[in-house]
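Thanks, everyone. Please pull up the model on your screens. I'll be quick.

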Amino acid sequence: NAAYTGSVNIAAFWIDPTASDLDRIMPGDLRGIDETGSLKGLTTYGMATVELTGTSGELLQIAAGKKATLTMPLPTAASSTAPSSIPLWYFDEAIGLWKQEGSAVKTGNTYVGDVSHFSYWNCDLPNAIVPLTFTVVDVAGNPVSNVFVTIGPPNPNPVWAHVQGYTDSSGYVSVFVTPNTQYILTISNFTSSCGNYTQNFSVATTAVNLGNIVIGTGNTATITGTVTNCTNNPVTNGYIILQDGYQYYRHALDNSGAFNFTYLSCSPTNVLLIAEDLSSTQQNTPMNYTIVPGINTIGNIQACGISTQRFLTYTVNGGSPVTFTYPADSVSQIGFGQSMLTYIQSYSPSSSNNALLSFDHAGITTGSMQALRSFQCFSITDSISILTPINVNITECGAVGEFISGNFSAVLTAYLPPNNTYNITCSFRVRRNF
């Protein structure tokens, strides 16, 4: 809140509302709170993010009582339906929703409006929304959890009109949709099209409950078994994890250590099964199993032999360590089998200092040295670069479903003058998923 005088660096990016991957590159999910405090669905005509920094990398904002003019392009494909004036909305990162503030005017093939601060801004028309609910079950009435659900209009475009997600542990789905609209509901196994289910329905102006959506017998596999710990007692605080391709599906054990869940599958499918005991931080060696439609009785799995400890710790310029530890925090490897890079990410709902790093994946093994490609954390506001080669020391590299651990020390340099340097130390251990 102190006055700033000097050069201002402007970082800006426009998000095309007609982009095929809009749902993955925009913040939030096109829900917003209008000026009356009502929740609305939004139809976007373009977004932009703007960040201002000073010569030392400090974050800047427009002074109180002042405004700046923001001009955003309007794609030709959206121009015919674009209104002459449109509400502006900014993204409130604290609540994950857009908030209405001001408006923009259509000028040629652009929208122009005044804004009082910079963050993400969005040109949107608000729409009324109605709740839609349903539960996915098998023919025996058992919930089908963790299946991929898409709800959208018959026309596959625009992509922002689609809602996507997974059923919860009880097979339940609750979303908001646009009234007076025809929709197609698709339920699928994310890793294949096998067993896809579709249903057409329409939405008027009142809440819609589709009830139970029943997936046929030939499209589901019921998987049952038990889990014990290293002393052969039932695991009551843990999970059974099914890995299919690059997707993990986690199901809680009951108070007798048993699991019983339904998986969407209509043909023999090779999966990994991992039993995890949270109390002892132990798991079994990942078990290869072929599941088939119908009943699959696994028997007992002993969650023992491999530590499930997961963490990411880093320091910046010799400061206090920032540590993320599973299960309170999320620490994971992301990427795909054909990827040239492994990404390690951490997230905590109680911390803003989340981190993301990447290094070469090819040739990774215990004792290998993998080239560091990037490092980011929220406590460093500069965009930083790697000027000299830096290696990540891989100290453990188990099979898929087991664990990778490693560490590195590096001096990273900011792109922009005065080119601040950051002395980073980092260590990690995560489950390997490819």
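I'll cover the overall build, then the largest pocket, then the largest cavity, and end with one residue before the strands begin.

First, a caution: this is a predicted model.

Overall build. The protein has 434 residues, and 46% of them count as buried. What is it made of? Two helices and 35 strands. The C-alpha trace spans about 70 × 60 × 35 Å along its principal axes. Now the contacts. Take those with a separation of 6 or more: 62% of them are between residues 24 or more positions apart. And the surface? The protein exposes about 20500 Å². Carbon and sulfur atoms supply 52% of that exposed area.

On to the largest pocket. Its volume is about 1500 Å³. How many residues line it? The answer is 43. Go to its centre on your screen. E51, Q376, F378, I380 and T381 are the lining residues nearest to that point. Which strands contribute at least two lining residues each? From the N-terminal part of the numbering, we have β1 (9-15), β3 (39-53) and β4 (59-60). Then come β29 (341-347), β30 (355-360), β31 (369-377), β32 (384-385) and β34 (403-414). What about the chemistry? The pocket lining has 23 nonpolar residues, 16 polar and four charged.

Next, the largest cavity. How many cavities of 30 Å³ or more are there? The count is one. The volume of the largest cavity is about 30 Å³. Its lining is L70, M72, L88, A104, Y111, V112, G113, V115 and C123. Two strands give at least two of these residues each: β5 (68-73) and β8 (110-115). Which element gives the largest share? That is β8, with four residues. By type, the cavity lining holds eight nonpolar residues, one polar and no charged. Set that beside the pocket lining, where four residues are charged.

Last stop, A3. Where is it? A3 sits in the segment before β1. Buried or exposed? A3 counts as exposed, because its relative accessibility is 84%, and the cut-off for exposed is over 50%. Now find I301. A3 and I301 are 298 residues apart along the chain, and their C-alpha atoms are separated by 63 Å.

To recap. We have two helices and 35 strands. The largest pocket is about 1500 Å³. The largest cavity is about 30 Å³, and β8 supplies four residues of its lining. Thanks for listening.

Key: Residues numbered from 1 in each chain as written. Predicted model: local features only at pLDDT ≥ 70, side-chain atom pairs only at ≥ 80, totals over all residues. Heavy atoms only, no water. 1 Å grid on protein atoms, 1.4 Å probe; cavity = no way out; pocket = protein on both sides within 12 Å on 5 of 7 lines; lining within 4 Å. Points joined across faces, edges and corners; volume = space filled by probe spheres on them. Nonpolar A, V, L, I, M, F, W, Y, C, P; charged D, E, K, R; others polar. Buried < 20%, exposed > 50% of the residue type's maximum accessible area, 1.4 Å probe, protein only. Contact = heavy atoms within 4.5 Å. Areas by Shrake-Rupley, 256 points an atom, 1.4 Å probe, with all protein chains shown as cover.
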